[in-house]
Amino acid sequence: MNRLDYTRKFALLGLISLIATAVVVYGLFSSLNQVIDKSQRELDGLALVAPISQTAQLTQQHRGLSAALLGGNEGMREQRAAKEEGVEDSFNAAEAQLPSHLAASENWQRIRAGWTRLRKGGLNLTLAENFSAHTDLVNQILDFEQAVADEYMLVTDTDIATTYLINTTVNRLPRVLEYLGQLRAYGTGILANRQIDEQQKLNLNRIIAQLDSALSILDASIEKTRHYNPSTQNALSVASHVISGSARRLIGLVESDILTGRFSSPPEDFMMTATDEINTGYENIYGLLLPTTEALIKARITSARKALYTSVALSVLLFLVAAYF
């Protein structure tokens, strides 16, 4: 430095300051931009959850109508045929939104093949075989939904409030609704046939036990979600109460009318009642959980961008002040 004149000394110090500032700004930019990119990827994945969930919902309804028809209720044949077209449309709509690598994946192709087999030969199966094939297919769809959440890093969200919300949306609640769907299908088939054997009673009690366990897990998950999302506590409390109430009403109907062998409910009425209860749960996914999760992620993106612009602007300003002095 002693060999340089003052102009070169200040120029060298300015260059060192510029490099130091650039390194800090780049590190900050890279870190915040990573948060923004990851959050945007989560939004892309979140957009796929609804169509996949709707496909599972309609497939569950198709299972119930198939059980009624195979149980001997010919009056539901046209309704089942219409639902079958709805399921096919839902599969096509979901696949159209999937990125090419997921649409071509082995898991999705296996799901499509399973649905094609059910559509072509489902009525050639026994009631138990048809129920089992539908249930396997629905479980594959729910597993695929979970795989999509993993693919888009939804389940590894760094914000604990969003993590519990996502877990409730793509894992806990769909499993509860699936057990309710199994009760609907199994109960509808038995009511259509107007008889129940000991094995069917065991199967119904097994589904009820699985539903009770899933409800306990869901309640714990919603409680944690409420704790970390104070702004949604009231809405989540209502949702939890409604879902638990729907499950208890359906279980009560099965226990009082089917397990006892009374069979006083027409299968059409039981199917409609159960569907209304289950649809309430899905409405909470589409109308509350998914929009709330999306709003939290978008708020994080906005906050990160604001911090990024503010930090870069402040760093540049401080460098200019240092250069001025």
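User: Why is the meeting of the Glu 223 and Arg 226 side chains called a salt bridge?

Analyst: This is a predicted model, and in it Glu 223 and Arg 226 come to 2.9 Å, N to O. The cut-off is 4 Å between a side-chain nitrogen of Lys or Arg and a carboxyl oxygen of Asp or Glu, so the pair qualifies. Both residues sit in helix 7 (residues 198-228), 3 residues apart, about one turn of the helix.

User: What makes Glu 223 and Arg 226 count as partly exposed?

Analyst: Buried stops at under 20% and exposed starts at over 50%, with partly exposed in between. Glu 223 has 43% relative accessibility, so it falls in that middle band. Arg 226, at 23%, lands there too.

User: Which residues are joined into one network by salt bridges that share partners?

Analyst: That network takes in Arg 80, Glu 84, Glu 85, Glu 88, Glu 95, Arg 112 and Arg 119. The structure holds 19 salt bridges.

User: How do you know that Arg 41 and Glu 151 form a salt bridge?

Analyst: Their closest N and O atoms are 3.7 Å apart. The limit is within 4 Å, so the pair passes. Arg 41 belongs to helix 1 (residues 6-70) and Glu 151 to helix 5 (residues 127-151), so this bridge ties together parts that are 110 residues apart in sequence. Arg 41 is partly exposed at 32% relative accessible area, and Glu 151 is partly exposed at 32% as well.

User: What about Arg 119 and Glu 88: what makes that a salt bridge?

Analyst: The N to O value there is 3.3 Å, and the cut-off is 4 Å, so it counts. Arg 119 in helix 4 (residues 106-121) and Glu 88 in helix 2 (residues 77-97) are 31 residues apart, so the link spans distant parts of the chain.

User: Are Arg 119 and Glu 88 buried or partly exposed?

Analyst: One of each. Glu 88 has a relative accessible area of 15%, which is under 20%, so it's buried. Arg 119 has 28%, so it counts as partly exposed.

User: Why is helix 1 called roughly antiparallel to helix 5?

Analyst: The two pack at an angle of about 175 degrees, with their axes 9 Å apart. Anything over 145 degrees counts as roughly antiparallel, so the label fits. By class, their contact has 14 nonpolar, 10 polar and 4 charged residues.

User: What makes Leu 18 eligible for the nonpolar patch on the surface?

Analyst: Leu 18 lies in helix 1 and has a relative accessible area of 41%. Patch residues need over 30%, so Leu 18 clears that bar. Other members of the patch include Met 1, Phe 10 and Val 23, and the whole patch has about 1,100 Å² of accessible area together.

User: Why is Ile 207 called buried?

Analyst: Its relative accessibility is 0%, and the cut-off is under 20%, so it's buried. Ile 207 lies in helix 7, and its C-alpha is separated by 7.3 Å from that of Gln 182, 25 residues apart along the chain.

User: What makes the phi of Arg 194 and of Phe 263 worth a look?

Analyst: Most residues other than glycine have a negative phi. Arg 194 has a positive phi of about 60 degrees, and Phe 263 has one of about 55 degrees. Arg 194 is in the loop between helix 6 (160-193) and helix 7, while Phe 263 is in the loop between helix 8 (233-258) and helix 9 (267-324). At 49%, Arg 194 counts as partly exposed; Phe 263, at 8%, is buried.

Terms used
Residues are numbered from 1 along each chain as its sequence is written. This is a predicted model: local features need pLDDT of at least 70, side-chain atom pairs count only at pLDDT 80 or more; totals for chains, interfaces and linings use all residues. Side-chain values use heavy atoms; hydrogens and water are left out. Helices (H or I, at least four residues) and strands (E, at least two) are DSSP runs, numbered from the N terminus. Buried means under 20% relative accessible area, exposed over 50%, partly exposed in between (1.4 Å probe, protein chains only). Patches are made of residues with over 30% relative accessible area and no salt bridge: like charges are joined within 9 Å, nonpolar side chains (Val, Leu, Ile, Met, Phe, Trp, Tyr) within 5 Å. Accessible areas come from the Shrake-Rupley method with a 1.4 Å probe; for residues, only the protein chains shown count as cover. Axes are lines fitted to C-alpha atoms, for helices over the stretch in contact, and angles run from 0 to 180 degrees between N-to-C directions. Angles under 35 degrees count as roughly parallel, over 145 as roughly antiparallel, 65 to 115 as roughly perpendicular and the rest as oblique. Ala, Val, Leu, Ile, Met, Phe, Trp, Tyr, Cys and Pro count as nonpolar, Asp, Glu, Lys and Arg as charged, and the others, Gly among them, as polar.
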